[in-house]
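Please consider the structure shown here, together with its sequence. The explanation begins at the metal site and then turns to other parts of the chain.

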Amino acid sequence: MGDKCVFFDRDRTIIEDPGYLTDPEAVKLMPGVDLAMRGLADEGFKLVVVTNQSAVARGMITEEGLEKIHDELRRQLGERGVELDAIYYCPYHPDGTVEEYARESVDRKPQPGMLLRAAKELTLDLTASWMVGDSPRDVEAGQRAGCRTIRVRSATEDDGGDALASRETPHLEAGADEDAQADFTVRNLVDAARVIVREVAGAPAVAAGEFDAAGTKTAGAQPVRQPLDKMSNSQVLREIASHLREQELIDEESDFSISRLAATLVQMLAIVALIWGLVSIPGIMADESGLSVAVENKRIAVHVALLTAGVLQLVALTFFVISRRR
Ligand SMILES: [Mg+2]
C-alpha cells in the first residue's frame, strides 16, 4: 500500500499559460495554488506535476531550458511553503521537428505513462490518488491510471467570471460536454483541493477555527486553519491574504542585518551607562555637604555616564531606523 497523491497538470492548472512557456521569468502561479497544495500536503497527499511538453519535440525549448522553468516553479512554490514531490514531463510528440523527440510516447497524456511511472518510483497508491487538470486529456490519463479526476475549468474559458469564483459541479449535473467524464469539475485549484479533502473518507478534519461576523479569526493564541472544504470563498481569500502577511513577517524576522546587531549592542551599552549613572547618584547625594575633589569627580563621572547613555541611546535608535529601512 503506497502513499496517496494528487497529480497536477502544469499549464493552465498551476501556472498561467502564455502559449509555449520558454522563459523562467514568465512562470506565474495561478491564484490560490499554494493554498490548495499546502492544504493537500497537510492531508498527507504527495504532490506530483505531470506535464506534456511538446515544445521540446518542436524545438522551441531544450530539456535543460525546461528544467530551468521547473526550478523556478519549485522556487516560487517553496517560497510559499510548498514542496513538490516530483515533476514528470513528456518531451515527445509524433509531429515533432527534433528527431529524437518526434515520436509517440506512453508518457504523453492522455496516456497514463507518467502517472504509472510516478506510482512505481514514489510508491503511490493510484486508487487513493487524484488527477487534476484543465484538459480532457488530463482527465483521461487520470482515469486510465485508476485515479479519481477533477477538471479545472477557469472562468476565462467560459463565462469570463472571477477566476476565484467558487462553483463545483458533480459530473452528473455537468451536461454532456467533453468534461462529463471527470468526477468533478471546478473553477480553480482551491475548489479542487476542497473536493479532495472532503472526499477523503474518514480523514480527521484539520482543527476548525471559527470566524466571527467581522471575518476575523476568533481562535486563541494558536492560529488554526479552516479545513479547505469548509471554507467559503471570502475565507479562502482572507486565508491567502493572511498567508502573504505571514510570509512578509517571516521574511522580515529572518532578515538578519549588521545594523540590527549594532543597534542591539549599542542599546545594551546605553542601558549599562544609564544604570551605572543612576546607581552612583545616591552616593553623591550622601556626600552633598562635602566639597572634596573626590566628590566633585564622582559628580562629573555621573554626568558623563548619563550623557553617554543619552548619546548611545540616540545611536541605537539610528541603527534601528537604518535596519528597518533595508
Ligand atoms: Mg493544461
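The paragraphs below treat the metal site, the main pocket, the aromatic rings and the backbone in turn.

The model is a predicted one. A magnesium ion is present, and its protein donors are D9 (OD), D11 (O) and D134 (OD), at 2.1 to 2.3 Å from the ion. Along the chain these donors follow the spacing D-x1-D-x122-D. Distant parts of the chain are thereby linked, with D9 and D134 lying 125 residues apart. D9 belongs to the loop between strand 1 (5–8) and helix 1 (33–42), whereas D134 belongs to the loop between strand 4 (130–133) and helix 5. Both D9 and D134 are buried.

Which residues lie nearest the centre of the largest pocket? They are D9, D11, D17, N52 and R137, out of a lining of 19 residues. D9 and D11 also appear among the protein donors of the magnesium ion. The elements that contribute two or more residues to this lining are strand 2 (46–52), helix 2 (54–57) and helix 5 (136–144). The volume of the largest pocket is about 390 Å³. By residue type, its lining comprises three nonpolar, six polar and ten charged residues.

The aromatic residues provide another view of the model. A search of the whole structure yields two aromatic pairs. In the pair formed by Y92 and Y101, the ring centres are 5.9 Å apart and the planes stand at 50 degrees, so this pair is classed as tilted. The class follows because planes under 30 degrees apart would count as stacked and those over 60 as edge-to-face. Y92 has a relative accessibility of 19% and therefore counts as buried, the threshold being under 20%. Y101, with a relative accessibility of 10%, counts as buried as well.

The ring of Y92 has a further partner, in that the charged end of R103 sits over this ring, 4.0 Å from its centre. A corresponding arrangement involves K4, whose charged end sits over the ring of F45 at 4.6 Å from the ring centre.

The loop between strand 3 (86–90) and helix 4 (113–122) contains T97. At 63% relative accessibility, T97 counts as exposed. Its C-alpha atom is separated by 9.6 Å from that of M60, and the two residues are 37 residues apart along the chain. P110 is also placed in the loop between strand 3 and helix 4. The peptide bond from K109 to P110 is cis, with omega near 20 degrees.

The cis bond introduces the subject of backbone geometry. Most residues other than glycine have a negative phi, and most peptide bonds are trans. Against that background, R12 has a positive phi of about 65 degrees although it is not a glycine. R12 is located in the loop between strand 1 and helix 1, and its relative accessibility of 37% makes it partly exposed. T123 is another residue other than glycine with a positive phi, here near 50 degrees. T123 is placed in the loop between helix 4 and strand 4, and it counts as partly exposed at 49% relative accessibility. That assignment follows because the exposed class requires a value over 50%.

Methods
Residues are numbered from 1 along each chain as its sequence is written. This is a predicted model: local features need pLDDT of at least 70, side-chain atom pairs count only at pLDDT 80 or more; totals for chains, interfaces and linings use all residues. Side-chain values use heavy atoms; hydrogens and water are left out. Rings of Phe, Tyr and Trp (its six-membered ring) pair if their centres lie within 6.5 Å; planes under 30 degrees apart count as stacked, over 60 as edge-to-face and the rest as tilted. Buried means under 20% relative accessible area, exposed over 50%, partly exposed in between (1.4 Å probe, protein chains only). A charge sits over a ring if NZ of Lys or CZ of Arg is within 6 Å of the ring centre and within 35 degrees of the ring normal. On a 1 Å grid over the protein atoms alone, a cavity is a set of points where a 1.4 Å probe fits but cannot get out, and a pocket is an open set with protein on both sides within 12 Å along at least five of seven lines; lining residues have an atom within 4 Å of a point. Grid points are joined across faces, edges and corners, and a volume is the space filled by probe spheres set on the points. Helices (H or I, at least four residues) and strands (E, at least two) are DSSP runs, numbered from the N terminus. Ala, Val, Leu, Ile, Met, Phe, Trp, Tyr, Cys and Pro count as nonpolar, Asp, Glu, Lys and Arg as charged, and the others, Gly among them, as polar. Donors are N, O and S atoms within 2.8 Å of the metal (3.2 Å for Na, K and Ca); water is not among the atoms, so sites may look incomplete.
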